[in-house]
Amino acid sequence: MIIKCKYCLPQTGIEVPEFSSSDRNCLLDCNKQSPLRAILWIKDNFNLNLDIAKYIVTHINTDYGHCNRCAYNTLESENINCPKCGAFNFNWP
Ligand SMILES: [Zn+2]
Ligand SMILES: [Zn+2]
């Protein structure tokens, strides 16, 4: 799956793996404890480089429905670009 965020490079977007629900739970947990842990977890488990792992983690919102960049708090689907600011959000329940 390709995701794009107008605030982040590359502008063409990046290819990200399809995360299973257990991957998601693990990432949400890791990210709450320490975003760096989540980044390293992706890097090790999906064999991705650090830049891509970082890109992914910065787009995981810590509160479901809340944009990771602005105050918008009614994001309604997964893998969504915020209707207010345009930032990409994984938005996993
Ligand atoms: Zn972004
Ligand atoms: Zn937003």
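These are legends for several close-up views of one predicted protein model.

Before you start, note that residues are numbered from 1 along each chain as its sequence is written, while chains are lettered from A and ligands numbered from 1 in the order in which they are written. In this predicted model, local features need pLDDT of at least 70 and side-chain atom pairs count only at pLDDT 80 or more, but totals for chains, interfaces and linings use all residues.

**View 1. The whole chain, with three helices and four strands.**
Helices (H or I, at least four residues) and strands (E, at least two) are DSSP runs, numbered from the N terminus. Walk along the sequence and you'll meet them in the pattern β-β-α-α-α-β-β. The radius of gyration is 12 Å, close to the 12 Å that the globule rule gives for 93 residues, so the chain is as compact as a globular protein of that length. (That radius is taken over C-alpha atoms, and the rule is 2.2 Å times the number of residues to the power 0.38.) Along its principal axes, the C-alpha trace spans about 35 × 25 × 20 Å. How many of the 93 residues count as buried? The share is 24%. Buried here means that 20 or more other C-beta atoms lie within 10 Å of the residue's own; exposed means 12 or fewer, and partly exposed is in between, with C-beta atoms placed from the backbone.

**View 2. Where helices α1 and α2 pack together.**
Two packed helices are described by the angle between their axes and the distance between the axes. For α1 and α2 the angle is about 140°, and the axes are 5 Å apart. Axes are lines fitted to C-alpha atoms, for helices over the stretch in contact, and angles run from 0 to 180 degrees between N-to-C directions. α1 and α2 are therefore oblique to each other: angles under 35 degrees count as roughly parallel, over 145 as roughly antiparallel, 65 to 115 as roughly perpendicular and the rest as oblique. On the α1 side, look for Cys26, Leu27, Cys30, Asn31 and Gln33; they meet Pro35, Arg37, Ala38 and Trp41 of α2. Sorted by class, this contact has six nonpolar, two polar and one charged residues. (Ala, Val, Leu, Ile, Met, Phe, Trp, Tyr, Cys and Pro count as nonpolar, Asp, Glu, Lys and Arg as charged, and the others, Gly among them, as polar.)

**View 3. Helix α3 and the largest nonpolar core.**
Helix α3 covers residues 50-58, and its residues Ala53, Tyr55, Ile56 and Val57 are buried. What do they pack against? The partners are β2 (14-15), α1 (21-33) and α2 (35-46). Contact means that the C-beta atoms of two residues, placed from the backbone, lie within 7 Å. The largest nonpolar core has eleven residues, including Val16, Leu27, Ala38, Ile60 and Phe90. A nonpolar core is a set of buried Ala, Val, Leu, Ile, Met, Phe, Trp, Tyr and Cys residues joined through C-beta atoms within 7 Å. Helix α3 gives the most to this core, with four residues.

**View 4. Valine 16, in the loop between β2 and α1.**
Is valine 16 buried or exposed? Valine 16 has 20 other C-beta atoms within 10 Å, so it is buried. Leave aside its neighbours within four places in sequence, and valine 16 is in contact with Met1, Ile3 and Ile56.

**View 5. Spots with backbone angles worth a look: proline 10, asparagine 47 and asparagine 91.**
Most residues other than glycine have a negative phi, and most peptide bonds are trans. Leucine 9 and proline 10, though, are joined by a cis peptide bond, with omega about -5°. Proline 10 sits in the loop between β1 (2-3) and β2. Asparagine 47, in the loop between α2 and α3, has a positive phi of about 55°. It counts as exposed, with 8 C-beta neighbours inside 10 Å. Asparagine 91, in the segment after β4 (88-89), also has a positive phi, near 50°. Asparagine 91 is buried, with 21 other C-beta atoms within 10 Å.

**View 6. Aspartate 63, in the loop between α3 and β3 (80-81).**
Aspartate 63 counts as exposed, with 10 C-beta neighbours inside 10 Å. Aspartate 63 and tryptophan 92 are 29 residues apart in sequence, and their C-alpha atoms are 8.8 Å apart in space. Between valine 16 and aspartate 63, which are 47 residues apart along the chain, the C-alpha separation is 21 Å.
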